[in-house]
Amino acid sequence: MWILWPAFLLACALEVLVFAMVDPGDLHWRGEALGASRQAVYTAGFFAFWLLATGASALTLLLARPADELNSPAD
């Protein structure tokens, strides 16, 4: 939960910030309209933001571990 909860909160904030400025109906992929409903774009965006924030949180947690713990030989 140390990773998923902060990532969830960040994904919520990013969702609000990005889609306050971007209309899902105006999105294009390779020159063509996206063809997905607004709700599908909001959902895909949220999960993409959550995945990126989860990776950042996991990396932060990994880098916060002491060097002795990471460099100790396996038992």
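Which element of the chain has the lowest mean pLDDT, and which the highest? Helix 3 (residues 67–71) has the lowest, at 82, and helix 1 (residues 4–21) has the highest, at 95.

**View 1. The whole chain, with its confidence.** This is a predicted model, where local features need pLDDT of at least 70, side-chain atom pairs count only at pLDDT 80 or more, and totals for chains, interfaces and linings use all residues. Residues are numbered from 1 along each chain as its sequence is written, and side-chain values use heavy atoms, with hydrogens and water left out. As for pLDDT, that's the predictor's confidence in each residue, from 0 to 100. Here the chain has a mean of 90, with 99% of its residues at 70 or more. The helices are DSSP runs (H or I, at least four residues), numbered from the N terminus.

**View 2. Phe19 meets Tyr42, edge-to-face.** Searching the whole structure turns up 7 aromatic pairs. In this one, the ring centres of Phe19 and Tyr42 are 5.0 Å apart and the planes sit at 85 degrees. Rings of Phe, Tyr and Trp (its six-membered ring) pair if their centres lie within 6.5 Å; planes under 30 degrees apart are stacked, over 60 edge-to-face, and the rest tilted. The two partners are 23 residues apart and link distant parts of the chain, with Phe19 in helix 1 and Tyr42 in helix 2 (residues 38–63). Phe19 counts as buried because its relative accessibility is 17%, while Tyr42, at 34%, counts as partly exposed. The cut-offs: buried is under 20% relative accessible area, exposed is over 50%, and partly exposed is in between (1.4 Å probe, protein chains only).

**View 3. Phe46 and Trp50, a tilted pair.** Here the centres are 5.6 Å apart, with 45 degrees between the planes. Both residues belong to helix 2, 4 residues apart, or about one turn of the helix. Phe46 is buried, at 15% relative accessibility, whereas Trp50 is partly exposed, at 24%. Step back a little and both turn up in one aromatic cluster, along with Trp5, Phe8 and Phe47.

**View 4. A nonpolar patch on the surface.** Met1, Trp2, Leu4, Trp5, Leu9 and Leu61 make up this patch of about 730 Å². Patch residues have over 30% relative accessible area and no salt bridge (a side-chain nitrogen of Lys or Arg within 4 Å of a carboxyl oxygen of Asp or Glu). Nonpolar side chains (Val, Leu, Ile, Met, Phe, Trp, Tyr) are joined within 5 Å, and like charges within 9 Å. Areas come from the Shrake-Rupley method with a 1.4 Å probe. Helix 1 gives the most, with 3 residues. Leu9 lies in helix 1 and is partly exposed, at 43% relative accessible area.

Definitions and conventions: Helices (H or I, at least four residues) and strands (E, at least two) are DSSP runs, numbered from the N terminus.
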